[in-house]
Amino acid sequence: MRMKFGLAALLLSAMTSAAAAETTLRIGLQEDPDVLDPTLARTYVGRIVFASLCDKLFDINEKQEIIPQLALSHETSADGKTVTLKLRPGVKLHDGETMDAEAVKYSLERHLTMASSFRKAEISSIDKVEVVDATTVKLSLKNPFSPLIAQLADRAGMIVSPKAAKETGDKFGLKPVCAGPFKFVERVQQGRIVLDRFADYWNKDNVFVDRVVFRPITESTVRLANLKSGGLELIERALATDIKEIKADPKLRLATQIEMGYQGITLNVGNSDNGKNGPFGKDPRVQQALEAAIDREALNQVVYNGEALPGNQWISPKNAYYQEKFPVPKRDVAKAKQLLKDAGVTLPVVVDFMVPNGPDTRQLAEVVQAMAAEAGFDMKIRVTEFATSLNEAEAGRYHAYILAWSGRVDPDGNIYSFLSCTGPNNYAKYCKPETDATLAAARAASAPAERKAIYEKVTADALAAGGIIYLYHRPVIIAHTTKLEGYKQLPDGLIRLTGVKVLP
Amino acid sequence: MTAFLARRLAQILPTLLLVSVIIFLLQQLLPGDPATVLAGEERDPEVIAQIRKQYHLDQSLPVQYLYWIKGVVTGDLGESMRLKEPVSKLVAQKFPVTLQLALMAVVISLGIGITAGVVSAVYKNTIVDYAVNIVALWGISTPNFWLGIMLISLFSVHLGWLPASGYVSPFEDFWLSMKTTIMPAFVLGNAFAAVLMRHTRSAMLQAMAADYVRTARAKGLSERVVIAKHAMRNALTPVVTLGALELGTLLSGAVLTEQVFSIPGFGKLIVDSVFNRDYAVVQGVTLITATTYILLNLLADVAYVLINPRLRG
């Protein structure tokens, strides 16, 4: 009996010392993610969890260039209609199955065919997926589509375990099985998501954290309090107004980047009669006048403490596709007044200004309202709950609408769906056949320089009459404790944990 | 008694049916389309149509209601659109959390409220009474939200005594569970303690002026016995009823407090579901809460009848 006790004590002490050596990284998220199924998922916060859970065929680097992940290379045929992917050999999925060409074929076909798949539209250019050999996949496209590889660097490129996905069907997201650095352990809705280090990960030598716990904490102040009190090691979307406090705390570090998306104001130029007969529907000079009345740098200072990057296009001035011929304009109230005069509108121009509820959007709206008033606009702010605002926007019941876009790696993702006639995000209902043709041509071309030249053709009209005033590109603000080493922030705002260490 | 019970039970069914219709219709009053919200930035019209079909959102309202109520009757509360989890599972996951928080809050508020009420009644119109009243007024008028954040910054950030937020089940780690729930329970209990204090005070004052208290004093009992045994016992009946009612309210979820402390209970579930237009969850949770209320009400009625036979007629 005594020996048994001694043995148990020994075991217990061995267990506790092993537990002590384990490193846990606790991350505070702004929202509770939706379902963790790459095919059905749709939230930004969900992508943050996926970055640790599900590897993709490709990834991006700091310069927003595509780099290999599960696929080593891609080759597009001369006619642009065949893409051959070479896969990384010897990669294991979390259930021990092999991540091979069959798994890639299964995952892509699942994205394409599953009912209510949100990936379908992203990769609908794929006509057929063929297995050439265990590490080679051939994608036959309906038409050349250069943004495809960028799509495969996001959820559409995530490879799931065919075995697990077949067994669980549309419940796969309750216990996802992928090929990322961490595997799924448990989830308590709105409480926590727990992932453990995957021992057979293809890049396991660069994973130094044993356990990751994601905790949704909606209040930014409370998220920061948790970080300061040692309850979390990293938080996402810290407030710009908290930057000073974070910098002043010797135990905290900031990691910021400019986002891939933008903050803008959508103007109703043709959505329903309300839009067509509204202030922006009749004459594009009213849109130009409103833009001239806005001081982007001042907005940046007020709303983002100067941490955002003022911009005037769908991609930031740092992006390789930015059209330098159309620089960010300075505020010019006289010009704005003149434009309104030329347009022959009665002053003040009354605008139904729909603002989704949020501290930064409300602040933004108030500053824009004040600036626009000087030029002759009467912006009537209507604060609306977000879900309701989407419906109002769709039905065209607004004149101006504050709407942000989270951004995509390929410029196509920031413009096509907003400016093409049938684009699902085209709330403004801007529609020009020549713009549609040009945007389609940019999708078919593959050389970046060629594509940039094509985009130049739509820029002038899009900026002058496209129904969106791009204001600035928001900062991605991540804060972490000094216990974390090696954390790097990328512009997509996701949290990548390879190479990150938690110091004792 | 049997007839009374049968009559009350017979009333419950139509009440529940009416409640289910009201819950369903109120939900429909919310502007915003669940399929559009679910789609978020990925606004593929084909997928949105598919979601509408899958969740019968393309059907007329009566048909949608029938689909839902048919499930409810067979014990299926539906599935969360956003999380793909059965609503019954979510309810089972959240209920113990909210129950723990509510019980702790009620215990805290009864403890503070009754003590303060008795003290201020006994020391009526003295400095003690005024001080207690001022504190109570402060308690009623302090917003939960603000108090929560202040407590976090004091006890978690500055002193480092308590975790800033989150929840741990008492079955997992009892002490950690107490540590994570004590602040939110205090915040919740605080405002109610003030209400209880005011009620206790006036009930006590009434009792202290009653004939039986004078008799007790005349018998030569010590003041302590008079207060504790005679006045307080009588004064507390309405106060305890109030506490039980409050427990019912707290069970439906303490929205703001759960939000501030990131506690995964009913309140947070409802808020997230309303914002995401996750109809099945909102309907399921509301229906469960309403049913609990109705049942508690029935139990109270039965208890009254047992105590007071005059109500049996």
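The contact between the two chains takes 42 residues from chain B and 39 residues from chain A. On the chain B side, six helices each supply at least two residues: H2 (34-39), H3 (45-54), H5 (87-122), H7 (144-158), H11 (255-260) and H12 (266-275). By class, the side of chain B that touches chain A has 18 nonpolar, 13 polar and eleven charged residues. The model is a predicted one.

**Chain B**

Chain B has 13 helices and zero strands. Its pattern along the sequence is therefore α throughout, where helices are DSSP runs of at least four residues. The C-alpha atoms of chain B fill a box of roughly 85 × 60 × 35 Å along the principal axes. Chain B has 313 residues, and 36% of them count as buried. Among contacts in chain B with a separation of 6 or more, 69% link residues 24 or more positions apart.

**Domains of chain A**

Chain A is assigned three domains. Domain 1 is made of 24-31, 180-258 and 478-502. Domain 2 covers 55-173, and domain 3 covers 262-473. The C-alpha centres of domain 1 and domain 2 of chain A lie 27 Å apart. Their contact takes eight residues from domain 1 and nine residues from domain 2. On the domain 1 side, the classes are four nonpolar, one polar and three charged residues.

**Cores**

The largest nonpolar core has 145 residues. Within this core, A:Leu53, A:Ile159 and A:Cys178 have the most contacts. Domain 1 and domain 2 of chain A each give the core at least three residues. Which residues does A:Cys178 contact, leaving aside its neighbours within four places in sequence? They are A:Leu53, A:Cys54, A:Asp55, A:Leu93, A:His94, A:Met158, A:Ile159 and A:Val160. Two of the core residues named above, A:Leu53 and A:Ile159, are thus in contact with A:Cys178. A second, separate core has 62 residues, including A:Tyr321, A:Ala387, A:Tyr416 and A:Tyr455. In soluble globular proteins, nonpolar side chains tend to be buried together.

**The seven-stranded sheet**

Seven strands of chain A form an open sheet in the order E8-E9-E10-E1-E11-E19-E12. The pairing is mixed. Strands E8 (182-188) and E12 (252-258) are the edges, and each pairs on one side only.

Why is strand E1 (residues 24-29) of chain A largely enclosed by the rest of the structure? Five of its six residues are buried, so the strand has the rest of the structure around it. E1(A) runs parallel to strand E10 (residues 211-216), joined by six bridges. In that pairing, A:Gly28 stands opposite A:Arg215. E1(A) also runs parallel to strand E11 (residues 234-235), with two bridges. There A:Ile27 has A:Leu234 as its bridge partner.

E11(A) then pairs in the antiparallel sense with strand E19 (residues 475-481), over two bridges. A:Leu234 stands opposite A:His480 in E19(A). A:Leu234 therefore has a named bridge partner in E1(A) and another in E19(A), where strands pair if DSSP finds at least two bridges between them.

**The six-stranded sheet**

Another open sheet of chain A has six strands in the order E14-E18-E13-E17-E15-E16, again with mixed pairing. Its edge strands are E14 (309-310) and E16 (377-384), each pairing on one side only. Strands E13 (residues 262-267) and E18 (residues 468-473) of chain A are antiparallel over four bridges. A:Thr266 has A:Ile468 in E18(A) as its bridge partner. Helix H13 (residues 359-375) of chain A packs on this sheet. H13(A) touches E15 (349-356), E16 and E17 (400-405). The direction of H13(A) makes about 165° with that of E16(A).

**A hairpin**

Strands E4 (residues 71-76) and E5 (residues 82-87) of chain A pair in the antiparallel sense over five bridges. A:Thr76 has A:Val83 in E5(A) as its bridge partner. Five residues lie between the strands of this hairpin. Among them, A:Gly80 takes a positive phi near 75°.

The strand pairs of chain A described here are set out below.

| Strand pair (chain A) | Sense | Bridges |
|---|---|---|
| E1 and E10 | parallel | six |
| E1 and E11 | parallel | two |
| E11 and E19 | antiparallel | two |
| E13 and E18 | antiparallel | four |
| E4 and E5 | antiparallel | five |

Technical notes. Residues are numbered from 1 along each chain as its sequence is written. Chains are lettered from A and ligands numbered from 1 in the order in which they are written. This is a predicted model: local features need pLDDT of at least 70, side-chain atom pairs count only at pLDDT 80 or more; totals for chains, interfaces and linings use all residues. Two residues are in contact if their C-beta atoms, placed from the backbone, lie within 7 Å. Ala, Val, Leu, Ile, Met, Phe, Trp, Tyr, Cys and Pro count as nonpolar, Asp, Glu, Lys and Arg as charged, and the others, Gly among them, as polar. A nonpolar core is a set of buried Ala, Val, Leu, Ile, Met, Phe, Trp, Tyr and Cys residues joined through C-beta atoms within 7 Å. A residue is buried if 20 or more other C-beta atoms lie within 10 Å of its own, exposed if 12 or fewer, and partly exposed in between; C-beta atoms are placed from the backbone. Domain bounds come from an automatic or database domain assignment. Axes are lines fitted to C-alpha atoms, for helices over the stretch in contact, and angles run from 0 to 180 degrees between N-to-C directions.
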